[in-house]
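Q: Please take a close look at the open sheet in this predicted model. I should like a connected account of its strands and of the parts that surround it, followed by the backbone and ring features found elsewhere.

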Amino acid sequence: MRRVDFVITNPRHHLGIFAPVIAQIRAAGLRPRILSLCELRGYRTPAAEFSALGAEWIRLMPVRLSKDSLQLRAVRDRAMGRTRRWLRDAIWHGLVRRRLGGSPAALAVVPNDTAFPYDRVVQLFREEGVPFLLMQEGVRFELPVGRRGQQYGQGGAHAVAAWGEASVRYFRSVGVPADRIRAVGNPRLDTILARDWTEAARSLRRTLDLPDRVLLLVTNPIDLQGFCSAEDKYRLISAFLAQAAPPLSTMGISIVIKIHPSESLPAYTAMAAASAGGARVVRDADPFALFHLSAAVVVLGSTAGLEAMLFDVPVGVLEVPGIGFLHDYVDFGAAVPLRAETARADVENLLADGETRRAARRRYLGEQLANLGHAAEAAGALIGALVEKRVVA
């Protein structure tokens with residue numbers, strides 16, 4: 001039975017993408033194996049979940065590292081940069097490389113081909129002659145000048161499974177041959193869309209003691225991506241809270257800030273405490289239950305905006321000073337532009353949602369997500385065809 005290897009570092013996001021696909025290829029007679037690098041990102045390998053999928057699995061990292069162990073932040077100091085490179089080399093050659101090589105699969109599937117450790121993983125696949133499929137893991141947009149380097153999609157994948165036509169255009173723009181790109185959709189978002197979130201949202205409201213109306217601010221590490229410094233990001237969020245919290249409070253709406261796992265909980269807690277009305281900060285709460293509760297969602301630049309639109313929630317994008325609005329939500333007309341200095345009026349505009357905006361969100365989802373509701377089947381068929389060498393040269 002031919003084997004297909006899936007490489008993951010995130011047991012939530014990546015497993016959410018791969019799990020429905022693993023079920024598809026098992027039913028088609030292929031043998032899935034999961035190569036877990038979760039410990040490299042500070043997570044634990046979810047052995048029970050892997051086994052429940054009927055997949056073989058290997059833990060490639062014998063120890064779980066803290067999230068700061070690899071100096072994954074955008075370090076500007078040269079000495080710290082050298083330390084980061086040394087640690088990465090030591091971990092790759094001392095722990096991961098020898099466990100990953102040998103017994104090549106018919107096909108490997110990865111969610112990333114440029115960030116460490118995926119850059120090393122796909123290089124090894126190329127050296128061993130293992131074809132690999134890149135399955136898109138998040139929305140794509142240009143990084144700032146000076147932070148680009150090798151861009152996502154340029155790792156030499158045998159084929160790329162894009163979410164939709166908008167992503168197909170992105171991959172073409174970075175040089176991926178058109179005949180290697182397939183718009184298959186996002187299996188994880190299909191699973192989320194199919195679930196009834198009512199009870200999960202009700203439970204979360206009780207647990208967090210949330211009011212009836214919530215505006216959700218979803219942050220992400222734009223400082224690590226090179227768009228600004230951490231201090232600039234914190235100033236932006238503080239300015240937004242100062243402007244937006246008072247009018248929202250008069251409307252009986254509370255702000256909840258959902259932060260990324262790599263961000264500083266104490267820093268955001270301090271900002272929230274200083275804001276009018278006392279915004280709430282959460283890190284581990286289920287974002288989809290929060291979307292279900294929210295009157296509107298504000299993002300900086302992440303997949304959260306797309307996910308919120310699946311719940312037909314109005315989305316606003318907060319402008320990054322000197323950069324503008326990240327991704328294409330605002331350009332497409334699917335999201336409302338928000339500026340820190342005019343946030344008082346902007347959030348009122350955001351909440352005044354109507355059919356015109358709802359229609360724009362529907363059009364946007366159509367551009368971004370192919371095979372809505374059937375992405376796992378499309379991805380499984382693509383993997384089967386690649387194993388049989390019926391797709392791309």
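A: Strand E2, residues 31-36, pairs with E3 in the parallel sense, and four bridges join the two. One residue of this pairing can be named: Ser36 has Arg59 of E3 as its bridge partner. The two strands belong to an open sheet of seven, whose order is E3-E2-E1-E4-E5-E6-E7 and whose pairing is parallel. Strand E3 (56-59) and strand E7 (181-183) occupy the edges; each has a single partner strand, so one side of each is left without a neighbour in the sheet. On average, neighbouring strands of this sheet are turned by 20 degrees against each other, direction ignored. As the model is predicted, these values describe computed coordinates.

Two helices that lie across the sheet may be considered next. Helix H1, residues 13-27, lies across strand E1 (3-8), E2, strand E4 (107-110) and strand E5 (132-135). With respect to E1, helix H1 runs at about 170 degrees. Helix H5, residues 165-173, lies across E5, strand E6 (159-162) and E7, and runs at about 165 degrees to E7. Strand E5 is thus named among the strands crossed by H1 and also among those crossed by H5.

Tyr170 and Phe171 form an aromatic pair: their ring centres are 5.1 Å apart and their planes stand at 75 degrees, so the arrangement is edge-to-face. Tyr170 and Phe171 are both buried. A search of the whole structure finds 13 aromatic pairs. Another of these joins Phe288 and Phe291, with centres 5.8 Å apart and planes at 75 degrees, which makes this pair edge-to-face as well. Phe288 and Phe291 lie three residues apart in helix H10 (residues 287-293) and are therefore separated by about one helical turn. Both Phe288 and Phe291 are buried. Ring pairs extend the group to a cluster of Trp197, Phe288, Phe291 and Phe311.

Trp197 also takes part in a contact of another kind, since Arg195 lies over its face at 3.9 Å from the ring centre. A further arrangement of this kind involves Arg140, whose charged end sits over the ring of Tyr152, 3.6 Å from the centre of that ring.

The backbone has some features of its own. Most residues other than glycine have a negative phi, and most peptide bonds are trans. Against this background, the bond that joins Phe116 and Pro117 is a cis peptide bond, with omega at about 5 degrees. Pro117 is placed in the loop between E4 and helix H4 (118-128), and E4 is one of the strands of the open sheet.

Two non-glycine residues with positive phi can be named. For Asp312, phi is near 55 degrees. Asp312 lies in the loop between helix H11 (304-310) and strand E12 (315-318), and its relative accessibility of 40% counts as partly exposed. For Asn371, phi is near 50 degrees. Asn371 is found in the loop between helix H14 (355-368) and helix H15 (375-387), and with a relative accessible area of 36% Asn371 is partly exposed.

Terms used. Residues are numbered from 1 along each chain as its sequence is written. This is a predicted model: local features need pLDDT of at least 70, side-chain atom pairs count only at pLDDT 80 or more; totals for chains, interfaces and linings use all residues. Side-chain values use heavy atoms; hydrogens and water are left out. Two strands pair if DSSP finds at least two bridges between them. Axes are lines fitted to C-alpha atoms, for helices over the stretch in contact, and angles run from 0 to 180 degrees between N-to-C directions. Contact means heavy atoms within 4.5 Å. Buried means under 20% relative accessible area, exposed over 50%, partly exposed in between (1.4 Å probe, protein chains only). Rings of Phe, Tyr and Trp (its six-membered ring) pair if their centres lie within 6.5 Å; planes under 30 degrees apart count as stacked, over 60 as edge-to-face and the rest as tilted. A charge sits over a ring if NZ of Lys or CZ of Arg is within 6 Å of the ring centre and within 35 degrees of the ring normal.
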